[in-house]
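Me: Please take a close look at one part of this model, the ligand site. What surrounds the ligand, and how does the sheet fit into the picture?

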Amino acid sequence: MVNIRKAKASDVEAIYSLINMYAQQGLLLPRTRDSLYENLQAICVATIDNQVVGAASLHILGKDLSEIRSLVVAEEAKGRGVGKLLVEQIVEETKKIEIKKLISLTYQVTFFEKCGFQVIEKDEMPQKVWKDCLNCSKFPTCDEIAMAIYV
Ligand SMILES: CC(C)(COP(=O)(O)OP(=O)(O)OC[C@H]1O[C@@H](n2cnc3c(N)ncnc32)[C@H](O)[C@@H]1OP(=O)(O)O)[C@@H](O)C(=O)NCCC(=O)NCCS
């Protein structure tokens, strides 16, 4: 059975491997171990039989805006609802802290639509997001799609 819980320090190696495997395929941005430890309280993991099979993190951008980052599901656990459960968890956490808008920059449009997100114009995103983009290897030719859900 799939279990969703907050990440622990002992999960970091598994999360790091998953994220960086997909990052090598250009599907999402790489993360360092340091950035995972520093943001551990913002990360959720999915486990099956106590093994980490997925992760996602909530990044707060401002008073009314947050972003889901580093959403990953292990190849062998895909297609079983794990990704959707992780997104639902991040949506719940966004609600709890009373932030109304959650965005994603992604190539997985159909998946996020099934999670209740809709495509938005990139220029609907505030300056703060673009500030982070300046440090990204994809800048300025990023072809990720901006999506949002109002929670
Ligand atoms: C995208 C990803 C997180 C989806 O995880 P998952 O656990 O396989 O997805 P789920 O099983 O929860 O799927 C939920 C729904 O989305 C659909 N879906 C999932 N991936 C899809 C895809 N690539 N294309 C179209 N639909 C997809 C499923 O069919 C399912 O539909 P249903 O509710 O009608 O049955 C996973 O494929 C992944 O880790 N990909 C590589 C990393 C990545 O791209 N992350 C996103 C960065 S923003």
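Reply: What follows describes the ligand site first and the sheet after it. The model is a predicted one.

The ligand occupies the largest pocket. Its shell is made up of 19 residues, and the closest are Leu-71, Val-73, Gly-81, Gly-83 and Lys-84. Sorted by class, the shell holds 9 nonpolar, 6 polar and 4 charged residues.

Oxygen atoms of the ligand come up against both backbone and side-chain atoms of the protein. At Val-73, a polar backbone atom lies 2.8 Å from an oxygen atom of the ligand. At Gly-79, a polar backbone atom is likewise found 2.8 Å from a ligand oxygen. For Lys-114 the side chain is involved: one of its N or O atoms is 2.9 Å from an oxygen atom of the ligand. On its own the ligand has 920 Å² of accessible area, and the protein covers 73% of this.

In terms of secondary structure, two or more shell residues come from each of β4 (65–73), α3 (82–96), β5 (101–106) and α4 (109–114). Of the elements, α4 contributes the most, with 4 residues. Val-73, named above for its backbone contact, falls within the range of β4 (65–73). Lys-84, listed among the closest residues, falls within α3 (82–96). Lys-114, whose side chain approaches a ligand oxygen, belongs to α4 (109–114).

The two strands in that list, β4 and β5, are part of an open sheet of 7 strands. Its order is β1-β2-β3-β4-β5-β7-β6, with mixed pairing. The edges are taken by β1 (2–6) and β6 (118–119); each has a single partner strand, so one side of each lacks a neighbour in the sheet.

Starting from the β1 edge, this strand runs antiparallel to β2 (residues 43–48), and 5 bridges join the two. Within this pair, Ile-4 is placed opposite Ala-46 of β2.

On the other side of the order, β5, which also gives residues to the ligand shell, is joined to β7 (residues 145–150) by 6 bridges, again in the antiparallel sense. Here Ser-104 stands across from Met-147 in β7. Strand β7 in turn pairs with β6 over 2 bridges, also antiparallel, and Gln-118 faces Ala-148 of β7.

Taken together, the ligand sits among residues from β4 and β5 of the sheet and from the helices α3 and α4, while β1 and β6 form the edges of the sheet.

Note on methods: Residues numbered from 1 in each chain as written. Predicted model: local features only at pLDDT ≥ 70, side-chain atom pairs only at ≥ 80, totals over all residues. Heavy atoms only, no water. Near = heavy atom within 4 Å. Polar contact = N/O pair within 3.5 Å; in protein donor to acceptor, adjacent residues only side chain to side chain. Areas by Shrake-Rupley, 256 points an atom, 1.4 Å probe, with all protein chains shown as cover. 1 Å grid on protein atoms, 1.4 Å probe; cavity = no way out; pocket = protein on both sides within 12 Å on 5 of 7 lines; lining within 4 Å. Sits in = over half its atoms within 2 Å of the grid points. Nonpolar A, V, L, I, M, F, W, Y, C, P; charged D, E, K, R; others polar. Pairing = 2+ DSSP bridges.
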